[in-house]
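Please walk me through this two-chain model, beginning with how far it can be trusted and ending with the contact between the chains.

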Amino acid sequence: MAEDHRPLSPHLQVYRPQVTSVLSITHRMTGVVLSMAAVLLTYWLASAAYGPDSFARAQTMMESWFGRLVMFGFTFSLFYHMCNGIRHLGWDLGWGFELVRLRITGVIVIISSFALTVMSWMMAYGHVGKL
Amino acid sequence: MSKTPNRSRQLRSKLGRVRGLGSTHEGVHHWWAQRMSAMALLPLSLWFIFSLITLTGSDYVAFQAWVSEFGNSVFLVLFLISMFHHAQLGLQVVVEDYVHSELWKMGLLLAVKYGAFLFGASGIFAVLKISLAG
């Protein structure tokens, strides 16, 4: 393939980042992150299937500051991927391709995914009463 | 120079030559499977997050009781199936887009596909074990 000098389209890096392009690559990145979250979910369920000791170990790990940081990142990734996924489904129906709508829905995705993440964590620790 | 056989001497029909090479009615399969799992994941993820919120701070017994509840077991299994299906469809595209060495690409695709089955099956079996033992 070394001698293959066919013309290529310019690399993505030469373009100025825009709302549309940044949201697009973030969708991918959160997707990859969520695949790791899926593996963690399996580990969590498996630890409970193994018994109380392994479940306690998993809980300690996830309740550490690092564990919580990771979980917070997973929560945001899920809400982002979900909100932007709805945006994608709109496009699949032919809705929202106009530049103005692209930008508006993009901003809505950013705001709502942050808001939903913070709201979930406040609800989760609200009823426990401690962080 | 070219080894292309003389067209007039080809006995196979045009349809016969393209069959199995292209996307005859299968072109949208990956796309459609991704959307279908995405639509299933919408309510399932919301249910899952809500469950995690209510489960925060609960111990082993409470967690076991929650998983064992019939509706929760069913939703967990559905969640795991649609999530790992959706994840491997997405990861496949990421690998195909960014990995250009054929050997690496093949290896990573196999890892993604087998990995989804491995972790998906393990998760489902864990749910069944917890709920059927409790």
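What follows takes up confidence, then the build of chain A, and then the interface.

The model is predicted, and the predictor gives the complex an ipTM of 0.89 together with a pTM of 0.86. For chain A the pLDDT averages 91, with 92% of the residues scoring at least 70, while chain B has a mean pLDDT of 90 and 87% of its residues reach 70 or more. Within chain A the confidence can also be followed element by element: helix α3 of chain A, residues 65–92, has the highest mean pLDDT, 97, and helix α4 of chain A, residues 99–128, has the lowest, 93.

Chain A is built from four helices and zero strands, so that, read from the N terminus, the order of its elements is α-α-α-α. Its C-alpha trace spans about 60 × 45 × 25 Å along the principal axes. The radius of gyration of chain A is 20 Å, whereas a compact globule of 131 residues would have one near 14 Å.

Turning to the interface, the contact takes 30 residues from chain A and 36 residues from chain B. In chain B, the residues that lose the most area to chain A are B:Ile53, B:Tyr60 and B:Phe63, which together account for 21% of what that side buries. The area buried between the two chains comes to about 2,800 Å², and carbon and sulfur atoms give 79% of it.

Polar and charged groups take part as well, since the count between chain B and chain A is six residue pairs in polar contact, with both residues at pLDDT 80 or more. The elements of chain B that each supply at least two residues of the side touching chain A are α2 (29–55), α3 (60–68), α4 (70–98) and α5 (102–133). Of these, α4(B) provides the largest share, 12 residues. Sorted by class, this side of chain B has 24 nonpolar, eight polar and four charged residues.

Which charged pairs, finally, does the search pick out? Side chains of opposite charge can pair when their charged atoms come close. Over all chains, a search of the whole structure finds four salt bridges. One pair, B:Arg35 and A:Asp92, joins two chains, because B:Arg35 lies in helix α2 of chain B and A:Asp92 in helix α3 of chain A. In this salt bridge between B:Arg35 and A:Asp92, the closest N and O atoms are 2.7 Å apart. Across the interface of chain B and chain A, the rule finds two salt bridges.

How values were computed
Residues numbered from 1 in each chain as written. Chains lettered and ligands numbered in written order. Heavy atoms only, no water. Contact = heavy atoms within 4.5 Å. Buried area = accessible area lost by both parts, 1.4 Å probe. Salt bridge = Lys/Arg side-chain N within 4 Å of Asp/Glu carboxyl O. Polar contact = N/O pair within 3.5 Å; in protein donor to acceptor, adjacent residues only side chain to side chain. Nonpolar A, V, L, I, M, F, W, Y, C, P; charged D, E, K, R; others polar. pLDDT = per-residue confidence, 0-100. Rg over C-alpha atoms; globule rule 2.2 N^0.38 Å.
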